[in-house]
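Open the model in your viewer and keep the selection box ready. Each stop below says what to pick and what is there.

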Amino acid sequence: MALKSIAVLTSGGDAPGMNAAVRAVVRTGISYGMRVVGVLRGYNGLLNGDVMEMNLRSVSDIIHRGGTILYTARSPEFNTPEGVQKAADNCRKMGIDGVVVIGGDGSFRGARDLTNAGIPCIGIPGTIDNDIASSEYTIGFDTAMNTAVEMVDRLRDTMESHDRCSVVEVMGRRCGDLALQTGIAVGATSILVPEIPYDFQRDIIDRMTFTQKTGKKHFIIIVAEGVGGVDKLAKDIEQATGIETRATVLGHVQRGGSPTLRDRVVGSQMGAIAAKKLYEGYSNRVIVMRGGRIVDLDITEALNMKRVFDKELYDIALRISI
Ligand code: ADP
């Protein structure tokens, strides 16, 4: 049965490109003759009735903006059976027949629970970490990688001038994709990711010493947030090599900024497909990228998938960063 009225919300950590997805949901929904409302601050907006009616112009001038015009939040109240029930009751009161949820795995668990409570939901992966097992790509990842590369390039200029070593922490608590891609793009001597345990001597010092012998004078070590400890690492490297070493944590700058072309396009595609799927009566699905194509999967099936780290690319990184 075709739905008449849908909502869109952004939940969990924000990511550049979420606005492109919101825009696509709103415009696609309206083009199918549905009423579309924007829910503010993630699931909190459903609990508090904090929603706004959207029209074609509500999403003008946002495709190039970072963050999310709907704001985002983590909602401990929603993460309880009573919270989910209250959100579902409020949806019925507000005449919301279905919800597009843009966020990470946690937000998808919420979408599954809300579907089970009678409100059909469709998820879209939005997180800069690229840490969603079911999707090769998550909205925001490309922008975050490009920001990290730009920042490390700047550090490199000054490191090069002083023959120093730079230890840089990039985001990625459970997932080393951002570190791996950035590490390759900046020519890092070592890349430390949560998926692969490292040995200080073998994976950092020996590699630095080897490249030093062939004439390298400045070094970049990229460390994923999930590995952490960059201050201590910098001290230990300086002690072991005598090379002046500085630690930098890039932090939240990686979350912001104008989305890249890729995040605008993928966000638009996923948003449009999600709204169409809801209109067609599908529910409990996530829109994901697999084999370079955008497809939909059952949320529960998607949540049960295990992430596979790209070991082949990691090995290439090690081979060429010498
Ligand atoms: P992300 O979506 O980026 O993984 P979180 O894990 O913080 O971010 O989840 C965002 C929100 O989704 C939470 O604040 C909560 O309201 C909801 N959520 C998370 N996990 C669950 C769960 N297991 N069941 C229901 N809702 C959940």
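The tour starts at a sheet, moves to its helices and ends in two loops. Keep in mind that this is a predicted model.

**Stop 1: the sheet**

Select the strands β3, β2, β1, β4, β5, β10 and β11. These seven strands form an open sheet in exactly that order, with mixed pairing. Now look for the edges. They are β3, residues 51–54, and β11, residues 293–298, each of which pairs on one side only. From one strand to the next, the twist averages 25°.

**Stop 2: strand β1**

Select residues 5–10. This is β1, and six of its six residues are buried, so the rest of the structure largely encloses the strand. Which residues lie on each side of β1? Show the side chains: S5, A7 and L9 are on one side, while I6, V8 and T10 are on the other. Both faces are covered, since every one of these residues is buried. The cut-off behind that word is a relative accessible area under 20%.

**Stop 3: the neighbours of β1**

Add residues 35–39, which make up β2. β1 and β2 run parallel and are joined by four bridges. For one position to centre on, take I6, which stands opposite V36 of β2.

Next, add residues 98–103, the strand β4. How many bridges join β1 to β4? There are five, and these two strands also run parallel. Two positions are worth labelling here. V8 stands opposite V100 in β4. T10 has I102 of β4 as its bridge partner.

**Stop 4: helix α1**

Select residues 18–31 and keep β1 and β2 on screen. Helix α1 is the middle piece of a β-α-β unit made with β1 and β2, and the unit is right-handed. Bring back the other strands to see what α1 lies across: β1, β2, β3, β4 and β5, the last being residues 121–125. The helix runs at about 180° to β1.

**Stop 5: helix α9**

Select residues 261–279. This is α9, which lies across β1, β4, β5, β10 and β11. Add residues 285–290 to pick out β10; α9 runs at about 145° to that strand. Both α1 and α9 lie across β1, β4 and β5.

**Stop 6: a helix pair**

Select residues 177–186 for α6 and residues 311–320 for α11. Their axes come within 10 Å and cross at roughly 30°. That angle is under 35 degrees, so the two helices count as roughly parallel to each other. The crossing of α6 past α11 is left-handed. Show the side chains that make the contact: L180, Q181 and I184 from α6, with L313, Y314 and A317 from α11.

**Stop 7: two loop residues**

Where is R41? Look in the loop between β2 and α2, the latter being residues 43–48. R41 is not a glycine, yet its phi is positive, near 60°. It counts as partly exposed, at 37% relative accessibility.

Finish at Y71. This residue sits in the loop between β3 and α3, where α3 covers residues 81–93. Its phi is also positive, at about 60°, although Y71 is not a glycine. Is Y71 buried or exposed? Neither in full: Y71 is partly exposed, with a relative accessible area of 45%.

How values were computed:
Residues numbered from 1 in each chain as written. Predicted model: local features only at pLDDT ≥ 70, side-chain atom pairs only at ≥ 80, totals over all residues. Heavy atoms only, no water. Buried < 20%, exposed > 50% of the residue type's maximum accessible area, 1.4 Å probe, protein only. Pairing = 2+ DSSP bridges. Right-handed = clockwise from strand over helix to strand, strands pointing away. Axes fitted to C-alpha atoms, helices over the stretch in contact; angles between N-to-C directions. Parallel < 35°, antiparallel > 145°, perpendicular 65-115°, else oblique. Left-handed = near helix turned anticlockwise from the far one by under 90°. Contact = heavy atoms within 4.5 Å.
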